[in-house]
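This briefing looks at how a protein meets the DNA strands modelled with it. Please have the sequence and the structure at hand while reading.

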2 protein chains.
Amino acid sequence: MIQPGRTPLHIQLADIIRSQIESGVYNAGDQLPTEMELMKQHELSSSTVRQAVLALVSEGLLYRRAGKGTFVAKRHIGRDLLTFSGFSEEAAARGFRPGARHMTAHWRPADAVAAALNVPTHESIFTIERVRTIDDEVVAVETVSFVAAIGRLMEKLDLADTSFTEILEQQLGVPLARAKQEIRAGIARAKLAKALDVSSGTAVLQIDRTAFDTADRIIYFSSSSYRADRYIYSCWIERNSASIAQPRRLIGRSR
Amino acid sequence: MIQPGRTPLHIQLADIIRSQIESGVYNAGDQLPTEMELMKQHELSSSTVRQAVLALVSEGLLYRRAGKGTFVAKRHIGRDLLTFSGFSEEAAARGFRPGARHMTAHWRPADAVAAALNVPTHESIFTIERVRTIDDEVVAVETVSFVAAIGRLMEKLDLADTSFTEILEQQLGVPLARAKQEIRAGIARAKLAKALDVSSGTAVLQIDRTAFDTADRIIYFSSSSYRADRYIYSCWIERNSASIAQPRRLIGRSR
DNA sequence: CAGTGGTCTAGACCACTGT
DNA sequence: CAGTGGTCTAGACCACTGT
């Protein structure tokens with residue numbers, strides 16, 4: 001029952017419709033009541049009904065057809081998507097057991113990652129290298145470089161097997177907001193092949209990530225190489241809704 | 001000047017504000033005119049002004065603070081992101097010249113892509129293969145399979161050099177909504193290596209895409225192999241906003 | 001306090017879909 | 001043709017921000 005109060009009416013209506021879909025009152029493909037019917041049922045104005053329904057459309061739960069009606073979408077994309085998260089977080093969320101081996105941590109000049117971290121070349125950065133495992137099988141080699149301010153906090157902590165994302169957010173209070181990723185295909189040469197336990201010349205998926213906090217400061221740059229036979233990067237992309245953070249492709253500049 | 005016509009007024013207003021931001025009339029952090037001022041300036045009702053401004057907010061171009069005002073966002077994530085788009089559309093948007101070579105189109109049994117298209121194995125599908133170029137240099141090999149209903153429409157058209165995305169939407173009226181992508185690293189063997197003009201054993205980035213319309217019907221499945229030296233997949237991911245379609249990673253199941 | 005965006009009402013007219 | 005969602009008007013009242 002929709003009642004005036006602290007919760008806006010359009011949010012109450014959207015919640016009602018959402019729970020009706022989840023509980024099976026409406027199933028995939030079903031037509032929802034029209035705007036007019038929803039107005040009468042809930043004693044709301046057309047604008048309020050519209051606001052509620054459009055919110056569910058942008059969630060991907062409903063779709064509308066002018067002249068036809070409003071329908072329950074067959075797929076519920078929002079439900080099975082994971083946000084920007086670290087290796088450990090993500091593996092755990094999927095029911096796998098993440099792990100790390102052969103970790104080394106040290107200070108070194110920024111050099112090659114200076115541009116990615118937006119610091120001078122000679123500035124010291126704190127770099128951690130680890131071999132990442134899923135259920136004790138080697139999946140990736142990961143190198144994470146932190147800007148000096150974060151590095152000074154990280155080096156005092158016990159970092160084995162832990163999720164950097166959780167440490168940053170929960171122990172250090174760094175509010176991670178977004179990251180830019182670049183995904184490439186590459187070949188594992190001698191050293192990398194050995195670390196990944198594959199033959200030299202095997203394909204690897206390379207993912208570079210630059211992470212930003214809510215104030216758009218760079219927090220870390222990570223570069224990971226995944227075994228192509230054990231890792232697939234999967235994502236949904238949307239058409240015509242510029243509001244949504246979407247993958248893009250770059251044309252490489254090499255000749 | 002906003003005028004009644006085929007373009008809705010709220011879209012006209014959003015376009016005006018967007019171009020004012022792009023041309024520097026308003027800069028990052030600047031406060032925009034209030035709803036009341038925009039209503040007077042453009043002789044529009046509050047709802048119409050609101051609709052335009054909210055669209056720009058959801059694009060990430062503006063942000064609003066109750067009691068304070070509407071401001072130009074500092075980061076314009078929406079601006080440098082491309083939506084789900086085809087090879088041609090995207091290359092053109094970046095100032096490159098897309099092309100296609102060696103196109104073949106034929107009907108064949110669904111077989112291996114039956115699962116991806118969600119049709120029976122024996123059902124006929126329409127498959128198009130092309131070598132894709134950017135500024136006349138080979139970048140990728142692309143195989144697109146359409147479900148029979150779409151295939152029967154496609155086979156009558158002139159498909160050389162064209163963007164399937166544009167054909168689907170503009171000529172066939174298919175409202176593409178979203179796609180699921182899987183990105184892998186692979187190795188170019190003899191046939192693929194020859195098509196891409198690289199040595200056998202070179203790394204390639206493989207992107208499989210299943211495209212859905214707004215009613216969540218599968219429209220096509222495409223499988224592309226990109227030269228690793230000429231193509232990088234780039235995307236932004238956000239933390240803690242479940243409503244946004246975001247990339248996720250899958251742990252591969254192979255041993 | 002005046003000014004802002006957030007919510008909400010009660011309509012009107014339109015283009016589009018399917019019978 | 002009746003019914004649908006899409007657009008638009010012309011207001012009202014509210015909570016919140018900053019002086």
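**Protein surfaces along the two DNA strands**

With four residues, H3(A) provides the largest share of the surface near DNA strand C. The model is a predicted one, and the points below take each DNA strand in turn.

**DNA strand C**

- Around DNA strand C there are 23 residues, of which Leu9(A), Ser45(A), Thr48(A), Thr34(B) and Arg64(B) come nearest, and sugar and phosphate make up 77% of the DNA atoms that come within 4 Å of the protein.
- Phosphate oxygens of this strand lie 2.7 Å from a polar side-chain atom of Ser45(A), 3.3 Å from a polar side-chain atom of Arg50(B), and 2.7 Å from a side-chain N or O atom of Arg64(B).
- At least two residues each are supplied by helix H1 (9-22) and helix H3 (46-58) of chain A, and by strand E1 (62-65) and strand E2 (69-72) of chain B.
- By residue class, this surface holds five nonpolar, 11 polar and seven charged residues.

**DNA strand D**

- Thr34(A), Arg64(A), Leu9(B), Ser45(B) and Thr48(B) come nearest among the 23 residues around DNA strand D, where sugar and phosphate account for 76% of the DNA atoms within 4 Å of the protein.
- A polar backbone atom of Glu35(A) lies 3.2 Å from a phosphate oxygen of DNA strand D, while a polar side-chain atom of Thr48(B) is 2.6 Å from a phosphate oxygen of that strand.
- Two or more residues each come from strands E1 (62-65) and E2 (69-72) of chain A and from helices H1 (9-22) and H3 (46-58) of chain B, and H3(B) gives the most, with four residues.

Methods
Residues are numbered from 1 along each chain as its sequence is written. Chains are lettered from A and ligands numbered from 1 in the order in which they are written. This is a predicted model: local features need pLDDT of at least 70, side-chain atom pairs count only at pLDDT 80 or more; totals for chains, interfaces and linings use all residues. Side-chain values use heavy atoms; hydrogens and water are left out. A residue is near a molecule or strand if one of its heavy atoms lies within 4 Å of it. A polar contact is a pair of N or O atoms within 3.5 Å; within protein, one must be able to donate a hydrogen and the other to accept it, and residues adjacent in sequence count only if both atoms are side-chain atoms. Ala, Val, Leu, Ile, Met, Phe, Trp, Tyr, Cys and Pro count as nonpolar, Asp, Glu, Lys and Arg as charged, and the others, Gly among them, as polar.
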